[in-house]
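Reader: I should like to understand how the terms used for pockets and bound molecules are justified. May I put some questions to you?

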Amino acid sequence: MLTHSPYEPLQARTLADRLGGLPEMTGRIGPAAQWRVREVGDGNLNLVFIVEGAAGSIIVKQALPYARVVGESWPMSLDRAFFEHEALLRLGSRDPGRLPELYYFDRHQAIQIMEHLQPHIILRKGLMAGERYPLLAGQIGRYLARTLFRGSDWAMETARRKADLALFAGNVELCGITEDLFFTDPFHDCARNSHGPALDRAVAAIRADRDLKLAALELKARFCCSAQTLLHGDLHTGSIMACADDTRVIDAEFATYGPIGFDIGSLLANLWMAAFALPGLQPDREERRAYRDWILDTAEAVWSVFVEEFTRLWRCERAGILGGRELFEEQADPIGSELALNTMIAEIWRDAVGFAGIEIHRRILGLAHIPEFETIANEAVRACCEHRALMAGRVLAVERGRFAAIGQVRTLMTMLEGRTL
Ligand code: SR1
Ligand code: MG
């Protein structure tokens with residue numbers, strides 16, 4: 001049994017020897033003697049292998065005892081695989097079919113074995129290649145509403161909810177990374193940060209911007225003190241796999257209890273950054289304009305589907321600690337619960353807008369950059385794209401209470417078009 005040997009990172013050449021006895025593998029992909037193994041992990045933390053056998057293929061994911069993006073100088077607990085597995089189980093049960101199927105988990109070796117999604121690719125890569133995904137907004141908008149509502153005090157009964165909150169409080173290390181990397185590092189001269197040289201002046205202005213730093217601190221307080229629901233915790237376009245007719249969510253090791261708007265804001269920010277990067281990625285003006293519109297339409301549809309599904313769940317499934325039916329529906333006052341819903345949606349939206357502004361800053365100034373901007377070869381064009389995104393990010397974070405509707409983000413982006421450094 002794997003579990004009884006000391007933890008050891010898998011390698012493509014050792015994987016068949018080490019996992020070849022697992023019926024969860026051989027039963028699905030056939031005997032180990034015929035396996036072909038490739039390491040394909042391109043994220044910041046883990047090893048990811050595609051194992052192909054005579055009868056099919058499978059994914060093996062293993063946590064390393066350090067952050068892959070930095071190396072062994074940044075040790076990181078293997079327990080994150082346990083929290084990820086627990087989170088994937090919960091998120092998968094709250095929106096069945098939207099996550100990969102999970103086949104096996106070994107806590108000691110920090111190994112998860114799961115469905116190999118095909119022909120899906122990482123959404124971020126698809127967006128950089130100009131792909132369109134007609135079902136993305138509907139599937140992800142509903143995923144957000146279902147997982148965020150069903151993991152909340154509005155849906156869960158008190159004992160289960162509090163036990164769960166206590167469990168995920170143990171994911172302190174990864175939650176701490178989010179606290180630092182999102183809300184603090186980008187706004188001061190932290191050794192982990194980096195940015196392109198053309199942004200030096202803009203970065204100095206950001207770090208002297210008191211209103212922005214106040215907004216970052218207020219949003220950090222929302223993230224830390226508002227345990228509304230179980231979050232995915234890192235829902236960017238690299239944590240989604242998509243194909244023409246299916247969308248799946250992966251990589252939940254940053255799961256934590258936090259504000260409902262956090263996952264929504266993270267995703268919207270990454271869609272918006274995909275649009276901001278287009279001048280550096282798509283040379284054809286017409287196609288660039290059309291694709292920008294598709295991305296913005298998609299972001300708007302994610303939000304409107306979220307609202308629609310969240311509203312449905314609020315009306316049908318509000319049975320948890322904060323259910324409140326005794327106060328309204330059971331006193332023949334359905335209007336009261338609709339007013340409470342409206343207040344809730346307004347709060348989620350304000351948070352999501354603010355968190356989107358923070359995500360944009362950390363992806364351009366912090367440790368974990370994104371390839372949309374990084375692959376723009378022309379320094380000046382890249383700096384322009386990043387600077388426009390940062391200007392939008394500032395408005396989103398500082399003026400998060402003033403976005404009455406998501407369409408205003410499109411207006412903001414249009415206003416920033418053509419702005420140079
Ligand atoms: C050290 S981890 C840096 C970032 O990579 C992950 O994908 C998360 O986004 C995290 O913030
Ligand atoms: Mg990830």
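Reader: How much space lies in the largest pocket?

Author: This is a predicted model. In it, about 1,300 Å³ of space lies in the largest pocket. Of the 48 residues that line this pocket, Asp42, Gly43, Ile122, Gly238 and Asp251 are the closest to its centre.

Reader: What makes a residue part of the lining of the largest pocket?

Author: A lining residue has an atom within 4 Å of a grid point of the pocket. For the largest pocket, 48 residues line it. By class, 25 of them are nonpolar, eleven polar and twelve charged. Helix 7, residues 172-183, provides the largest share, four residues.

Reader: How do you know that ligand 1 sits in the largest pocket?

Author: A molecule is said to sit in a pocket if more than half of its atoms lie within 2 Å of the grid points of that pocket. Ligand 1 is assigned to the largest pocket, and therefore more than half of its atoms lie within that distance.

Reader: Which residues surround ligand 1?

Author: The shell consists of Asn44, Leu45, Trp74, Leu181, Asp234, His236, Phe254, Arg362, Arg363, Leu367 and Ala368. These residues divide into six nonpolar, two polar and three charged. Asp and Arg count as charged, so Asp234, Arg362 and Arg363 make up the charged group.

Reader: Why is the pair formed by Asn44 and ligand 1 called a polar contact?

Author: The cut-off for a pair of N or O atoms is 3.5 Å. A polar side-chain atom of Asn44 lies 2.7 Å from an oxygen atom of ligand 1, so the pair meets the cut-off. The reasoning also holds for Asp234, with a distance of 2.8 Å to an oxygen atom of the ligand, and for Arg362, with 2.7 Å. Taken alone, ligand 1 exposes 310 Å², and the protein buries 95% of that.

Reader: Which residues lie nearest the centre of the second largest pocket?

Author: They are Pro279, Arg288, Arg289, Arg292 and Glu417, from a lining of 14 residues. About 340 Å³ of space lies in this pocket.

Reader: What makes up the lining of the second largest pocket by class?

Author: It has six nonpolar, one polar and seven charged residues. Arg and Glu count as charged, so Arg288, Arg289, Arg292 and Glu417 are among the charged residues there. Helix 12 (285-317) gives the most to this lining, with five residues. Helix 10 (261-276), helix 11 (278-281) and helix 16 (407-416) each supply at least two.

Conventions. Residues are numbered from 1 along each chain as its sequence is written. Chains are lettered from A and ligands numbered from 1 in the order in which they are written. This is a predicted model: local features need pLDDT of at least 70, side-chain atom pairs count only at pLDDT 80 or more; totals for chains, interfaces and linings use all residues. Side-chain values use heavy atoms; hydrogens and water are left out. A residue is near a molecule or strand if one of its heavy atoms lies within 4 Å of it. A polar contact is a pair of N or O atoms within 3.5 Å; within protein, one must be able to donate a hydrogen and the other to accept it, and residues adjacent in sequence count only if both atoms are side-chain atoms. Accessible areas come from the Shrake-Rupley method with a 1.4 Å probe; for residues, only the protein chains shown count as cover. On a 1 Å grid over the protein atoms alone, a cavity is a set of points where a 1.4 Å probe fits but cannot get out, and a pocket is an open set with protein on both sides within 12 Å along at least five of seven lines; lining residues have an atom within 4 Å of a point. Grid points are joined across faces, edges and corners, and a volume is the space filled by probe spheres set on the points.
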